[in-house]
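Trainee: Before we begin, could you show me the model and then let me ask how each label is earned?

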Amino acid sequence: MTMGCSGTDVASAVRAMATVVAAHRDELVELDRAIGDGDHGENLKRGFEAVVSALDSSEVDTPTAVLKLVAKTLISKVGGASGPLLGTAFLRAATSLEEVDGASVAAALRAALDGVVARGKAEVGDKTMVDALRPAVDAAEAVKDKSVAEVLAAAATAAEAGAESTIPLVARKGRASYLGERSAGHLDPGARSTSLLLRSLVDSAAAS
Amino acid sequence: MTMGCSGTDVASAVRAMATVVAAHRDELVELDRAIGDGDHGENLKRGFEAVVSALDSSEVDTPTAVLKLVAKTLISKVGGASGPLLGTAFLRAATSLEEVDGASVAAALRAALDGVVARGKAEVGDKTMVDALRPAVDAAEAVKDKSVAEVLAAAATAAEAGAESTIPLVARKGRASYLGERSAGHLDPGARSTSLLLRSLVDSAAAS
Amino acid sequence: MTVGIVIVSHSVKLAEGVAELAGQMAPNVTIRAAGGMDDGSLGTDFDRVCTALEQADTGDGAVLLYDLGSARMIADLAVEAHANPLHAVVVDAPVVEGAVAAAVAAQGGGDLAGVARAAGERPPEF
Amino acid sequence: MTVGIVIVSHSVKLAEGVAELAGQMAPNVTIRAAGGMDDGSLGTDFDRVCTALEQADTGDGAVLLYDLGSARMIADLAVEAHANPLHAVVVDAPVVEGAVAAAVAAQGGGDLAGVARAAGERPPEF
Ligand SMILES: Nc1ncnc2c1ncn2[C@@H]1O[C@H](COP(=O)(O)OP(=O)(O)O)[C@@H](O)[C@H]1O
Ligand SMILES: Nc1ncnc2c1ncn2[C@@H]1O[C@H](COP(=O)(O)OP(=O)(O)O)[C@@H](O)[C@H]1O
Ligand SMILES: [Mg+2]
Ligand SMILES: [Mg+2]
Ligand SMILES: [Mg+2]
Ligand SMILES: [Mg+2]
């Protein structure tokens, strides 16, 4: 099984992400209210709405061009830490996505992770989106010889577990680190949204 | 020779200070522009104008009450470092001025200096008003058995020399300390205004 | 237990900006901006600081943060003039970072000493 | 030689307040406030930061100061996007204190490295 690899397919997958983000806006806001400033859902909603507008009004046609536009728009419009982080993730994925098979998807996810770490300096255990993204990348690489759908499914499932794993953690990066011990007992909003975005990709791959 | 010691006399001396400050506004602004934010002349002008208004509209009658009103008004209206410093100086002088003779004037000046140091933690050599005020107090105490006019004259002359002594100094307190070595070569505005205020007192004592 | 916060600044905008930034993470904390002079010029206004402190101390005390040194002197004087000077603490910390840390600590129910301590600690890595 | 300064903040008011405070001691220095989002909400706006940086670097470079960690990431990205990334330095210092120190150093004719160093040093006692 191969995933559609035209720019249009990637754009559809990104539009589906925007829908998922909008549907989970309130949940993400609530999570961020507990250990942050309560804007994560709104930040991502604003960012992905801008992404959809950008896609509507531009003629990007390759997967790389679409992902670069997404990156640029998220960096410009999100307004919070997740903007530069996800933006860098999409940017790095863009430049490493040459053909679309399991291995290249795993490689793109790895590049995205490396970008997030380079930008935000967080590691597993710091209670950030990295706690979702790193296990996702590891899981994707472990099955990279399988189909795109299987690689993405492995990534999303690992990301969900990784996000859950943030609950007991004390935040060491990001705004939540101001709370110290009081950040424990809460799901990290960025880890949650990362798992949602990956699950959305699984659904897009299945639909294509 | 004794200086008039009614509240009215003290108020007249303070009004004379206000006139001196207004006359030197631009000079003090220029000095502060070189090593600060250029507002010292305006700060003192605004402060002493408010003092004059306060005197006009209140019925304070003892020297202590007048000096307290001056203190309170300077603290409220000056807006810069010199406000809390001069305000504290007047406040301390107020509570130590019982009778008006050379010794009590010297004691009031000592109390004023102690207040400035307690508030601002500067010492001689830091390039602040303390470089004018401490030698003034020392000179006043050295002649404290003489008349009020002589005590004040000794203080003013020493303050003028003390102010001049700030020129080569590198600032270690106040805004000018941000300039580091570049603060050397300039007269400290607060030391200059302190010497002007003391000289004004000499003139008031001579006139009374 | 909710300790209040006062931002003492030479600038109206700076004080209000710090208050809004810190307030975002501390919706239940009273944060008062005391910036600038009555005529809009840059400077610290003692009466404004006193009023802000009265409002910020709703019973559990308040911490004061300031932008530059002369603002510290005004903050100290406001504490001395406060109904209960032991209910107010001037913290010597970077004003933005200190205010956010103080706000989060106050939101978490910290007492006056705890909030002052949080404000003065080096902020966590971001 | 006049190095420029950019204040990157989540808040319009905070950025403008810091710029006016620092500008008071540095009348010849270009200090640009890049605070808040287009819709007025709290957040960092990349395009605003890029524009401010273009304006602040009048040939001798510019330093960027930021309020909280996520603003640092935006500042870093703006430097990467700057016409000459070597002409822009993000300084990790308390934003108010760092901006005043940087402004004074720039006013005194300091070069980019000198201004960045001044901004990052512990401010003098006041
Ligand atoms: N340095 C970092 N590295 C990785 N992820 C981070 C970092 N800082 C914050 N995050 C992620 O960003 C999320 C918050 O995003 P958001 O609310 O949009 O930004 P902000 O905290 O600026 O309001 C956090 O839940 C966390 O997962
Ligand atoms: N800590 C201090 N102790 C004593 N005097 C000080 C101190 N800080 C500043 N000053 C005095 O205040 C003067 C500046 O006053 P002013 O310009 O009115 O205040 P600002 O520096 O806040 O604008 C300086 O020239 C110096 O003499
Ligand atoms: Mg947030
Ligand atoms: Mg935010
Ligand atoms: Mg001044
Ligand atoms: Mg001033």
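**Labels and their cut-offs**

Mentor: Let us start with the magnesium ion (ligand 5), whose protein donors are B:D32 (OD), B:D37 (OD) and B:D39 (OD), lying 2.0 to 2.2 Å from it. This is a predicted model, in which local features need pLDDT of at least 70 and side-chain atom pairs count only at pLDDT 80 or more, while totals for chains, interfaces and linings use all residues. Residues are numbered from 1 along each chain as its sequence is written, chains are lettered from A and ligands numbered from 1 in the order in which they are written, and side-chain values use heavy atoms, with hydrogens and water left out.

Trainee: What makes B:D32, B:D37 and B:D39 donors of the magnesium ion (ligand 5)?

Mentor: Donors are N, O and S atoms within 2.8 Å of the metal (3.2 Å for Na, K and Ca), and because water is not among the atoms, sites may look incomplete. The OD atoms of these three residues lie 2.0 to 2.2 Å from the ion, so they fall within the 2.8 Å limit. In sequence the donor residues follow the spacing D-x4-D-x1-D.

Trainee: Which residue coordinates both the magnesium ion (ligand 5) and the magnesium ion (ligand 6)?

Mentor: B:D37 coordinates both, and the two ions are 3.5 Å apart. In chain A, A:D37 coordinates both the magnesium ion (ligand 3) and the magnesium ion (ligand 4), which are 3.5 Å apart. The donors of ligand 3 are A:D32 (OD), A:D37 (OD) and A:D39 (OD), at 2.0 to 2.2 Å.

Trainee: Why is B:D37 called buried?

Mentor: Buried means under 20% relative accessible area, exposed over 50%, and partly exposed in between (1.4 Å probe, protein chains only). B:D37 has a relative accessible area of 11%, so it is buried. B:D39 counts as buried at 14%, A:D39 counts as buried at 14%, and A:D32 counts as buried at 8%.

Trainee: How do you know whether A:K121 and B:K127 are buried or exposed?

Mentor: A:K121, at 56% relative accessibility, counts as exposed, whereas B:K127, at 1%, counts as buried. A:K121 has a positive phi of about 60 degrees although it is not a glycine, and B:K127 has a positive phi of about 70 degrees although it is not a glycine. A:K121 lies in the loop between α6 (102–120) and α7 (130–142) of chain A; helices (H or I, at least four residues) and strands (E, at least two) are DSSP runs, numbered from the N terminus.

Trainee: Why is the pair C:K13 and D:E16 called a salt bridge?

Mentor: A salt bridge is a side-chain nitrogen of Lys or Arg within 4 Å of a carboxyl oxygen of Asp or Glu. The side chains of C:K13 and D:E16 meet at 2.9 Å, N to O, so the pair satisfies that limit. The count between chain D and chain C is two salt bridges.

Trainee: How many residues are in contact between chain D and chain C, and how much area is buried there?

Mentor: With contact meaning heavy atoms within 4.5 Å, 22 residues of chain D are in contact with 22 residues of chain C. Buried area is the accessible area (1.4 Å probe) that two parts lose on being put together, summed over both. Between chain D and chain C this area is about 2000 Å², of which carbon and sulfur atoms give 71%.
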